[in-house]
Amino acid sequence: MIPAQFTYRRVSSVDEALAAVAEHGDDAKLLAGGQSLLPLMKLRFAAPEVVIDIGPLDELRYVRAEGGEIAIGAMSRYHDLHRDPVLAEHAPLLAHVAGEVGDQQVRHRGTIGGSLVHADPAADLPAAVLAVDGVLVARGPDGERRIPAAEFFQGPFETPLAPEELLTEVRIPAQGGAGWGFEKFTRRSIDWAIVGVVVAGSAVSLINMGGTPMRASATEAALADGASAAEAAALAAEGTSPADEAHATAEYRQHLARVLTERALVSAGR
């Protein structure tokens with residue numbers, strides 16, 4: 001439970017953070033809330049030579065309504081998102097999901113940007129951002145680029161971000177009056193989801209049903225054709241490849257996906 005030796009570097013601005021990652025490249029890891037990186041370092045699954053602490057970057061903590069979009073700073077903590085009045089009015093799904101992550105300690109430290117960049121297929125927020133067709137904004141030496149959530153999650157813990165890039169913002173459409181639902185099944189309330197489902201209007205995304213968060217395409221197509229919640233939910237596991245391991249078999253996860261999808265669809269008023 002003791003990490004390998006590393007050099008600690010604390011930065012105070014986005015420009016300083018970009019300079020640090022450009023200097024150290026693959027040898028460095030960014031420390032946001034530390035809820036994923038620090039446990040991995042203690043187990044020595046991760047052993048960066050340099051840890052760049054971006055915790056002081058308050059310039060990346062904000063939630064703003066901009067036209068028909070909501071802009072969220074990547075360093076915004078789960079607790080702040082859960083209680084944010086802008087999200088409560090314009091994106092209540094994301095506010096609710098943020099309030100369901102882990103426990104109070106995790107929610108007061110973990111950040112939306114850290115969760116998205118970590119790209120754990122069992123995490124809640126990546127699936128929520130995928131369901132609402134979010135766009136992730138990254139900044140690097142060549143400037144800024146926008147990456148749709150559908151293209152961001154490329155595999156377990158894998159994203160298209162280059163080592164010298166920093167996720168700075170998440171942009172999601174304002175929900176308006178669209179119905180939404182969120183369901184997850186865990187062994188304990190603080191655990192990662194064995195399976196989870198996010199519904200945003202007619203979009204349905206699945207948690208822990210493959211190597212990335214994924215859309216339940218067959219369910220969405222059935223809803224578009226007028227299927228009932230039960231009929232559409234029966235197709236939720238199509239095209240998935242859940243893990244078959246000690247906590248749950250693949251068959252059980254597929255069963256959970258169908259059950260939880262129906263519940264989430266009903267919650268969303270489908």
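Here are a few friendly points to help you find your way around this predicted model.

1. Start with the overall layout. The protein is divided into three parts: domain 1 spans residues 7-53, domain 2 covers 58-173, and domain 3 runs over 180-268. Between the centres of domain 1 and domain 3, taken over C-alpha atoms, the separation is 34 Å.

2. Next, the record. An unreviewed UniProt entry carries the annotation "domain: FAD-binding PCMH-type" for residues 1-177. Over residues 1-177, helix makes up 34% of the chain and strand 23%. The C-alpha atoms at the two ends of that stretch lie 47 Å apart.

3. A good place to zoom in is the hairpin formed by β4 and β5. Strand β4 takes in residues 63-66 and strand β5 residues 69-73, and the two pair in the antiparallel sense over four bridges. If you would like one pair to look for, arginine 64 has alanine 71 in β5 as its bridge partner. Two residues sit between the strands, and glycine 67 in the turn has a positive phi of about 65 degrees.

4. Then move along to helix α10, residues 217-224. Which of its residues are buried? They are Ala218, Thr219, Glu220, Ala222 and Leu223. What do these buried residues of α10 pack against? Their partners are two strands, β11 (203-207) and β12 (214-215), together with α11 (229-233) and α12 (250-267).

5. Finally, look just past that helix. Glycine 226 follows α10, and its phi is positive, near 95 degrees. The turn of the β4 and β5 hairpin also holds a glycine with a positive phi, glycine 67.

Notes
Residues are numbered from 1 along each chain as its sequence is written. This is a predicted model: local features need pLDDT of at least 70, side-chain atom pairs count only at pLDDT 80 or more; totals for chains, interfaces and linings use all residues. Side-chain values use heavy atoms; hydrogens and water are left out. UniProt positions are given in the numbering used here, feature names are shortened, and annotations may be inferred rather than shown by experiment. Buried means under 20% relative accessible area, exposed over 50%, partly exposed in between (1.4 Å probe, protein chains only). Contact means heavy atoms within 4.5 Å. Two strands pair if DSSP finds at least two bridges between them. Domain bounds come from an automatic or database domain assignment.
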